[in-house]
Amino acid sequence: MKKILLAAISFILICIANAQVKFDALSVTPQMPQAGQMVSFKFDSKLSSLIAEKKIDIVVHIFSRNGSKALEPKILQTGTVYAGNFKLDSNTACIAFAFSAKDGKEKDNNADDGYIVPVYDKNNLPIAEYYLLARNLYSGYGEAVFGLKKDPEKGLNILEEGIKLNSEVRNKPDFYFVYLNSINMVNKKDGDAVILEHLKNIANKPDIKEADYDILTDWYSRFKMKSTADSFSNIMKAKYPDGNWKKNEMANAIYKAKDAESKKAAFETFIKAYPPKADDERMVNYYRSDVASTYFTEKNYDAFKIWSKDMSIADKTSLYNNKSWDMALAKQDLSYAKQISYEATAWAKKEMTNPSEKKPDNITKKQWAKNRKSDYAMYGDTYAFILYQLGDYKSGYQYAKEAAAINEFKNAEYNERYSNLLAKVVPASNAKKEIERFLKDGVASSKTKTLLKELYVAEKKSDKGYPDYLAKLEMAAKEKKRADLAKSMINEEAPKFNLKDLEGNDISLAGLKGKVVIVDFWATWCGPCIASMPAMKTAREKLQGNDVAFVFVDTWEAPEKMKENAADFMKKNNYPFHVLLDDESKVVAEFKVQGIPTKFVIDKTGNIRFKSVGFSGNDDALVDEVSMMVEMAAAEMPVRKYVK
């Protein structure tokens with residue numbers, strides 16, 4: 001009896017020791033904080049990567065099942081030591097500290113491990129929700145919030161720690177939903193077999209909840225075991241006739257309806273069955289926006305206004321901006337576009353200086369101010385574009401200039417609208433001089449370059465000498481870009497993928513050995529991916545050959561129609577891309593992609609040399625960037641590691 005008791009005590013002490021977190025630069029008191037407590041901390045920058053910084057910004061993020069809050073505690077600095085305190089909410093489960101230089105460029109994230117602290121229960125073990133929240137921080141959310149490097153494997157390890165240390169998590173369907181997705185994302189050896197074993201265990205639980213049936217239905221569908229998935233779905237619906245599945249189906253009916261009147265009927269049926277509560281505003285706004293957008297597509301602008309008026313003002317103005325932009329691009333109904341764009345822009349301008357909206361809990365005051373300025377710049381840029389289309393150049397110029405200035409004249413798309421209006425309202429020589437600066441800084445779009453050529457020809461009465469003039473302007477920007485790329489060059493072995501293309505052929509990275517390979521992860525629903533494709537087509541035409549190959553990996557799509565949708569998209573847009581189908585989203589996980597589009601340049605020996613995330617909107621810049629990366633990857637010999 002004594003031996004058993006001692007063994008149990010030893011196990012508990014080991015669990016508690018394993019659950020504690022300690023950092024060199026940061027100390028937290030109490031070491032095992034609990035919900036509702038006051039927490040004090042000290043951060044010593046001389047033990048941090050921010051050792052050279054005289055002033056450091058500190059933000060404390062607290063996370064719960066209900067969301068997150070960004071706290072900006074009062075800080076007392078004594079030399080290199082920064083001290084502060086804050087109080088935890090009663091439902092806080094996870095704490096994360098963010099330390100950065102005043103300009104925000106340099107961050108200390110504890111060598112990519114993060115300064116993440118659990119909130120503990122009365123037994124001094126991390127509470128169950130901590131494991132889910134910490135996993136999310138390592139799976140991309142932490143990167144978006146405070147720059148923590150994405151590492152899905154660390155996230156999975158935290159979930160597995162939770163299973164070992166806290167028995168409570170084992171019976172939580174939401175935990176297993178995330179856990180199985182993490183196994184799939186990390187693609188551990190025999191991951192499918194592990195997931196199937198967990199599904200069997202869930203199916204054999206004596207008290208299967210509706211959420212458990214959801215997991216079973218979802219995963220057996222993913223494994224293409226349709227009859228098993230349908231069986232669990234039918235059991236769930238019979239056992240829980242008024243469960244969440246019914247609410248979800250009624251909500252999906254809104255999106256599935258083809259015309260506005262059908263969407264309206266589906267929305268009204270849903271609201272009658274599930275009257276919205278106070279915290280349902282965002283969900284209801286989404287549904288209203290979908291109905292309103294369909295009326296807009298049908299050009300029933302009166303109904304569009306009616307259905308958008310009850311949305312939150314922030315959501316309504318965002319919708320107005322998006323729709324007026326679409327009108328401006330199509331050069332249709334510009335008078336109406338001007339009307340709704342002005343309403344959005346005027347509201348955003350007022351919010352920038354005198355906000356009526358409450359600051360969101362999950363961002364800092366500085367981030368909130370930046371977001372408000374960014375919204376005004378975006379809406380003002382749209383309004384300026386519409387005024388340009390209507391020929392009201394003088395009014396449009398002021399909005400375009402403000403929008404470009406808020407972006408520090410570093411956004412090529414905003415600079416394009418500003419340049420077009422600039423050329424209409426100031427002397428040509430002044431416009432030409434300012435546009436030259438955009439080319440020198442590498443922030444000019446192809447249309448801006450065309451405008452500059454027009455100004456050059458008008459001044460010189462000929463295009464003679466223009467190519468040399470253009471090359472000279474762009475030289476400094478290209479040299480700087482090359483230098484920046486050299487600093488970002490990496491040397492990591494690329495995951496060895498093997499995927500089917502649209503013709504059913506097996507395409508592997510090994511089969512492309514001897515070529516520089518550009519791997520572009522995209523999806524048919526991804527706006528920035530689609531926007532970048534004309535530039536990628538140009539890059540492919542410029543570079544494709546015996547030594548260079550482009551593959552476009554379609555990922556994060558519903559597998560049932562992935563091939564059909566991708567093929568239709570390529571045919572509709574006349575893109576000659578070699579598309580590969582990542583139907584289980586495993587290759588994208590192996591490449592540790594957080595968001596798309598993401599492009600990798602792999603050298604001839606199979607090593608990743610460059611990674612490029614997102615799309616700035618500047619076609620020429622993307623073509624130049626891809627061209628430089630390919631050239632540098634082809635010329636650079638991989639670093640060899642020698643073992644003595």
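**Strand β7 and a buried aspartate**

Trainee: Over how many bridges do β7 and strand β9 pair?
Mentor: Strand β9 covers residues 115–118, and its pairing with β7 runs in the antiparallel sense. Keep in mind that this is a predicted model. The bridge count for the β7 and β9 pair is four.

Trainee: OK, and which residue is the bridge partner of Ala96 in β9?
Mentor: Ala96 has a partner on strand β3 too: His61 stands opposite it. Strand β3 (residues 56–64) pairs with β7 in the antiparallel sense over eight bridges. Over in β9, though, the residue bridged to Ala96 is Ile116.

Trainee: Which residue in the turn of the β7 and β8 hairpin has a positive phi?
Mentor: Strand β8 takes in residues 107–108 and runs antiparallel to β7, with two bridges joining them. One of the bridged pairs is Ser100 with Lys107. Five residues sit between the two strands, and the one in the turn with a positive phi, about 80°, is Gly104.

Trainee: How many of the residues of strand β7 are buried?
Mentor: Cys94, Ala96, Ala98 and Ser100 point one way, while Ile95, Phe97, Phe99 and Ala101 point the other way. Both sets are buried. For β7, residues 94–101, that makes the buried count eight of eight.

Trainee: Switching spots, does Asp603 count as buried or exposed?
Mentor: Asp603 is in the loop between β16 (598–602) and β17 (607–613). Its side chain makes a polar contact of 2.8 Å with the side chain of Thr605. Buried means under 20% relative accessible area. Asp603 has 3% relative accessibility, so it counts as buried.

Notes
Residues are numbered from 1 along each chain as its sequence is written. This is a predicted model: local features need pLDDT of at least 70, side-chain atom pairs count only at pLDDT 80 or more; totals for chains, interfaces and linings use all residues. Side-chain values use heavy atoms; hydrogens and water are left out. Buried means under 20% relative accessible area, exposed over 50%, partly exposed in between (1.4 Å probe, protein chains only). Two strands pair if DSSP finds at least two bridges between them. A polar contact is a pair of N or O atoms within 3.5 Å; within protein, one must be able to donate a hydrogen and the other to accept it, and residues adjacent in sequence count only if both atoms are side-chain atoms.
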